[in-house]
Structures are given as C-alpha cells and as structure tokens.
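Trainee: Could you walk me through this one?
Mentor: Gladly; have a look at it first, and then we can go piece by piece.

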Number of protein chains: 2
Amino acid sequence: MPSVFRALSDPTRRRVLQLLRTRPMTAGELADHFAVSKPTMSAHFNVLLAADLIAADKVGRTITYRLKLSVLEEALLEFTQAFGLTVTEAPATTPNPEAPAEDT
Amino acid sequence: MPSVFRALSDPTRRRVLQLLRTRPMTAGELADHFAVSKPTMSAHFNVLLAADLIAADKVGRTITYRLKLSVLEEALLEFTQAFGLTVTEAPATTPNPEAPAEDT
DNA sequence: CATATGATTCGACGTTTAGCTAAATATCAT
DNA sequence: ATGATATTTAGCTAAACGTCGAATCATATG
C-alpha cells in the first residue's frame, strides 16, 4: 500500500493513470503524450506496476497497459477511512461504462 | 495541489496527519511518536505546511499543529473525480466532534 | 537470415530527499 | 542575567529520484 502514494507523487505518473482511465494504451502510445524519453516512461511504468496500479498485457512486441482502478480505489479508501472520509464510485457520472474486466 | 501528493508520499508524514486527526498536537508531542530527530520532524512539518495540509499555531515557545482536513479532502476529491470516484465525509464515524474551526 | 520495430535494461549524471549532529533562536522561569 | 525548554536553522552525508543516450531483447517482416 505505501508504494501507491509514492507512485501518485509524480505528476507524469498521475497523468498516465488518467490517460488509462479511458482505455488501455500501449507503452509507445502513452509515451507520445509526454515530452520525456521512452526509457523514462518505461521507468514510470515500472513504478506504477510495482504499486499494482496498472497491469501489462504483452501481445507480440507491443505492451498494452491498463488501469487497475479497484486497486487505486482500495488504497485511497483505506487511507481516507482513517480521516473519517470515504471513497466511493460515483454512480452519477459513468465515464467508463465498458471498461475491460479487471483481475481483482 | 501537486504538493499534496508529494507530502503524502512519505509514511512519516502520513502518520503525522493521522495523529493530528484526533486532536491538534505540539511539535514535540508529535515528534515523540517517531524514532527520528526533532530537526527531521521539523522538516516534515514544513513539507506538510507547504502542502497546506496542516496549520501552525504558535503560543509562547510551543507550536501546535492541526490538520486541515478540508484541504486533504478537496485534493483527494479533485484527483479521484477524474476516475469516476468520489470522496465524501463519512457521517457514521465522528472521531473529532469538537475540532477547532478550520480556516477554509 | 537480415532488418526493422516496440519496448526495456543498463550505466551515468544532476537534483532532491530524509536523515543526522551541532548550533542558533525564542520564550519562559528563577 | 542565567538557565531551561521548544523548535528551528545550518551544514553535512547517503540514498533515492527523474532523466538521458546507448545498448539490448523480443518479435515481426522482407
């Protein structure tokens, strides 16, 4: 759990997560959104993987990353509960209705 | 806003916030809960202050720190909303019924 | 087999961070 | 003024971080 906050502490990684919210994307596709080198992005992916916030699906020579929303949600929930706060899925807005199945 | 996540990335600082959840505490009082030196704790307080997550009230030679829960809540809310999540105050548990007024 | 492609790993560099001790500052009490 | 208390500032070290270019691995294609 502590690695989650570490992972969230970098703005590039937070933006990666938000890009992944809409749909899974390949490493190169994600990297195109940032002004940093591929190796740097790869390092960011590794941090996010270590925190279990994303998962990698390798097909051929491309690697597709997808968000593990439930992990993010649970980490946030656990933390906020200690402050009398709650994290829930917002039922009103449904930004990602056909998200791929998540390995929970 | 970005400094909030940075501040949350350290376990010591997260624990400080949680200690402050119950009641405001002085710097020394807080420091007693950790196995690090006072100067180190002072540095942590500064990071939390910079992120606006805590406020300092100096009285005499003691400094009392208090949690700014609304700032934490708002930062979390802003971030989670991009993922279709919501952060709310949990009405069931009332851990700090007579908390001092917060400068919102 | 040779080459191109998608992505990672490796090694290095500069910066930031957390940690320490020692000293300084500020306040209060005697 | 002296001494004690609470906290910070200053100066330092070691480790971690983000970044890069070059090299490497794996897979696909001519």
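**A hairpin, two DNA strands and two chains**

Mentor: In chain A, β2(A) and β3(A) form a hairpin with two residues between them, and Gly60(A) in the turn has a positive phi of about 65 degrees. Helices (H or I, at least four residues) and strands (E, at least two) are DSSP runs, numbered from the N terminus. This is a predicted model, in which local features need pLDDT of at least 70 and side-chain atom pairs count only at pLDDT 80 or more, while totals for chains, interfaces and linings use all residues. Residues are numbered from 1 along each chain as its sequence is written, and chains are lettered from A and ligands numbered from 1 in the order in which they are written.

Trainee: How many bridges pair β2 of chain A with β3(A)?
Mentor: Six bridges, in the antiparallel sense, with β2 covering residues 54–59; strands pair if DSSP finds at least two bridges between them. Ile54(A), for instance, has Leu67(A) as its bridge partner in β3(A).

Trainee: What pattern does chain A follow along the sequence?
Mentor: The pattern is α-α-β-α-α-β-β-α-β, which comes to five helices and four strands. Of the 104 residues in chain A, 27% are buried, where buried means that 20 or more other C-beta atoms lie within 10 Å of the residue's own, exposed means 12 or fewer, and partly exposed is in between, with C-beta atoms placed from the backbone.

Trainee: Changing topic, which residues are closest to DNA strand D?
Mentor: Pro39(A), Gly60(A), Gly28(B), Pro39(B) and Ser42(B) are the closest of the 21 residues that surround DNA strand D, and a residue is near a strand if its C-beta atom, placed from the backbone, lies within 6 Å of it. Gly60(A) is the residue we met in the turn of the hairpin.

Trainee: And which ones are closest to DNA strand C?
Mentor: There the closest are Thr26(A), Gly28(A), Pro39(A), Ser37(B) and Gly60(B), and 21 residues surround that strand. The elements that give two or more residues to this surface are α3 (27–31), α4 and β3 (62–67) of chain A together with α4 of chain B, and the largest share, five residues, comes from α4(A).

Trainee: How many residues does each chain bring to the contact between A and B?
Mentor: Chain A gives 26 residues and chain B gives 24, with two residues in contact if their C-beta atoms, placed from the backbone, lie within 7 Å. On the side of chain A that touches chain B, α1 (2–8), α2 (11–22), α5 (69–81) and β4 (85–89) each supply at least two residues.

Trainee: What do the β4 strands do?
Mentor: β4(A) and β4 of chain B (residues 85–89) pair in the antiparallel sense over five bridges, and Thr88(A) has Thr86(B) as its bridge partner.

Trainee: Which residues of α5(B) are buried?
Mentor: They are Leu69(B), Leu72(B), Ala75(B), Leu76(B), Phe79(B) and Thr80(B). These residues cover an arc of only 135 degrees around the axis, taken from the directions from the helix axis to the C-beta atoms, so they lie on the same side of α5(B). What covers them includes α5 and β4 of chain A together with α1 (2–8), β3 and β4 of chain B.

Trainee: Is Glu78(A) buried or exposed?
Mentor: Glu78(A), found in helix α5 of chain A, counts as exposed because it has 12 C-beta neighbours inside 10 Å.
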